[in-house]
Amino acid sequence: MIYKFIYFLGQTFRNPSLRKNYQFLKTTENWSLEQLEEYQLKKIREIIKLAIENSTFYRDKYAKVNTQEIKSLDDLKLIPVLTKEELIENVNEIHTNLKFRKQFLATTSGTSGQSLKFYRNEEADSFNRASIQRGYSWHNVNPWDRNGYFWGFNFSFISKIKNKLLDKLQNRFRIFSFEDESLKSFIKKTKNATYIQGYSSMIYQTAVLINKLNLEKPKNLKLVKGTSEKIFDSYQKEIKKAFGLKMVSEYGATEAGIIGFECNKGNIHINMEGVYVEEVNNEILVTNLQLTSFPIIRYKLGDYISLAPRNEKCTCGKKHLIIKEITGRVGENIYGKENMYPSLYLYYIFKNISKKENINLNYQVLQEEKGKLVFLIQNQIEAELQQKLCKEIKRHFKDDIEFEIKTDTELKKSNGKLKNFISIINE
């Protein structure tokens with residue numbers, strides 16, 4: 001098959017370590033829990049040693065820590081927690097001085113109002129991609145199969161052409177607008193797709209449209225994968241009706257890597273070979289076991305989770321620990337005067353500003369009534385940049401939303417958590 005050939009050709013050049021990592025992960029998915037935890041302890045000790053020796057940030061942060069005392073996974077609590085603020089403020093110092101054959105620039109979405117750019121070494125990037133590929137294999141899906149992608153809003157003509165070319169090579173089609181006609185066109189293409197993936201709220205809205213208009217249902221889907229947002233239980237009825245499958249969860253973060261993937265029995269298994277997960281006061285702490293260019297150790301991701309007891313077993317046979325519930329990353333809708341928009345529009349507004357103006361803004365958007373938004377910008381910005389931000393907002397919402405921009409202001413917390421979008425509209 002041509003797309004399989006293209007996939008492996010691209011993999012050879014971009015991610016030469018991927019195949020080896022995938023084979024490793026397909027072997028370890030049959031390991032016992034004890035074997036997996038033994039591997040985790042080994043990798044934790046290695047990554048801490050590497051960080052102290054090669055990162056000025058960790059050398060200072062762990063100056064008073066006796067790393068020799070880490071003799072079990074439980075001993076990791078002797079290591080101080082890494083906050084998102086520390087990550088943002090110490091990017092250069094966190095990077096290690098190691099030399100890599102290849103690195104990739106990674107950018108976080110800024111769901112907490114803060115964005116991060118760092119370099120991920122090829123081996124870690126390949127391991128992350130191999131983890132996703134292993135998750136696909138649990139649903140009899142190959143990454144080169146025909147797929148639909150709810151991702152990548154961008155109104156730049158050049159960006160659209162570039163994305164369409166990349167999508168063509170990857171046997172993928174995506175949606176560039178949330179309007180009904182674009183959704184209908186996307187839905188028609190799903191007839192020949194093996195899987196669809198992307199923001200869970202967008203997949204849900206598409207399912208609602210399919211059911212509302214009684215459109216023909218796709219018959220060849222093997223996987224509906226939601227990511228980057230919480231999958232509400234209320235989504236599943238519409239999605240099952242529209243696609244014939246429930247939505248499964250891929251849980252991760254740009255800086256932390258793939259944390260968990262849902263198996264075909266409905267349990268989210270922790271990617272134990274890639275990350276070590278702790279639950280502290282219902283909040284997740286993540287240690288990436290493979291990222292050596294930018295170590296992530298006991299990172300306070302900002303999501304609230306619930307882990308299953310160690311003795312809870314999955315009928316799929318895998319011994320990897322299970323995440324029972326993920327309560328973070330809530331995807332919400334923005335209400336205009338006439339239309340409704342996914343809150344991910346905010347991400348693309350500020351991503352485009354970051355790319356065009358080379359500035360990362362700490363932001364938060366509030367909605368207290370339909371058709372109106374308040375943009376809070378923590379930074380103090382000049383009038384020219386504010387005008388460019390206004391222009392970017394209007395490109396996305398046109399005249400359907402009135403908005404106000406407040407700069408040099410404090411961001412608000414919702415339920416103790418800083419979110420990039422807070423709405424009090426319940427409809």
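Modeller: A residue is called buried when its relative accessible area is under 20%. The model under discussion is a predicted one.

Colleague: How many of the 14 residues of H12 are buried?

Modeller: Helix H12 covers residues 344-357. Its buried residues are Leu344, Tyr345, Leu346, Tyr347, Tyr348, Ile349, Phe350, Asn352, Ile353 and Ser354. H12 is therefore largely enclosed by the rest of the structure, the number of buried residues being 10.

Colleague: What distance separates the end C-alpha atoms of H12?

Modeller: With 14 residues at 1.5 Å a residue, H12 should span 20 Å. The model agrees with that expectation, because the end C-alpha atoms are separated by 20 Å.

Colleague: Which residue with a positive phi follows H12?

Modeller: The phi angle of the residue that follows H12 is near 55°. That residue is Asn358.

Colleague: How far apart in space, C-alpha to C-alpha, are Tyr348 and His396?

Modeller: Tyr348 belongs to helix H12 and is buried, with a relative accessible area of 3%. In sequence, Tyr348 and His396 are 48 residues apart. In space, their C-alpha atoms are separated by 9.0 Å.

Colleague: Is H10 largely enclosed by the rest of the structure or not, and how many of its residues are buried?

Modeller: H10 spans residues 200-212 and reaches 18 Å from its first C-alpha to its last, close to the 18 Å expected. Its buried residues include Met202, Ile203, Leu209 and Ile210, together with polar residues such as Gln205 and Asn211. H10 is largely enclosed because, of its 13 residues, the number buried is 10.

Colleague: At roughly what angle do the axes of H10 and H11 cross?

Modeller: The axes of H10 and H11 (residues 233-243) come within 8 Å. The crossing is left-handed, and the contact includes Ser200, Tyr204 and Ala207 of H10 with Tyr235, Glu238 and Phe243 of H11. By class, this contact has 9 nonpolar, 5 polar and 2 charged residues. The axes cross at roughly 55°.

Colleague: Are H2 and H7 roughly parallel or oblique to each other?

Modeller: The axes of H2 (residues 18-28) and H7 (residues 122-137) come within 8 Å and cross at roughly 50°. An angle under 35 degrees would count as roughly parallel, and 65 to 115 as roughly perpendicular. The crossing angle fits neither range, so H2 and H7 are oblique.

Colleague: How many charged residues are in the contact of H2 with H7?

Modeller: H2 passes H7 in a right-handed crossing. Residues of H2, among them Tyr22, Phe24 and Lys26, meet residues of H7 that include Glu123, Arg129 and Arg134. By class, the contact has 6 nonpolar residues and 6 polar residues, while the charged ones number 4.

Colleague: What is the relative accessible area of Arg134?

Modeller: Arg134 is placed in helix H7. Arg134 touches residues including Tyr22, Leu25, Glu29, Asn271, Glu273 and His320. Arg134 is buried, because its relative accessible area is 2%.

Colleague: What distance separates the C-alpha atoms of Leu291 and Ala124?

Modeller: Leu291 lies in the loop between strand S11 (283-288) and strand S12 (299-307), and is buried with a relative accessible area of 2%. Among the residues that Leu291 touches are Ile47, Phe118, Ala124 and Glu255. Leu291 and Ala124 are 167 residues apart along the chain, and their C-alpha atoms are separated by 5.1 Å.

Technical notes
Residues numbered from 1 in each chain as written. Predicted model: local features only at pLDDT ≥ 70, side-chain atom pairs only at ≥ 80, totals over all residues. Heavy atoms only, no water. Helix = DSSP H or I, 4+ residues; strand = E, 2+ residues; numbered from the N terminus. Expected span 1.5 Å × (residues − 1). Buried < 20%, exposed > 50% of the residue type's maximum accessible area, 1.4 Å probe, protein only. Axes fitted to C-alpha atoms, helices over the stretch in contact; angles between N-to-C directions. Parallel < 35°, antiparallel > 145°, perpendicular 65-115°, else oblique. Left-handed = near helix turned anticlockwise from the far one by under 90°. Contact = heavy atoms within 4.5 Å. Lists of a residue's contacts leave out its neighbours within four places in sequence.
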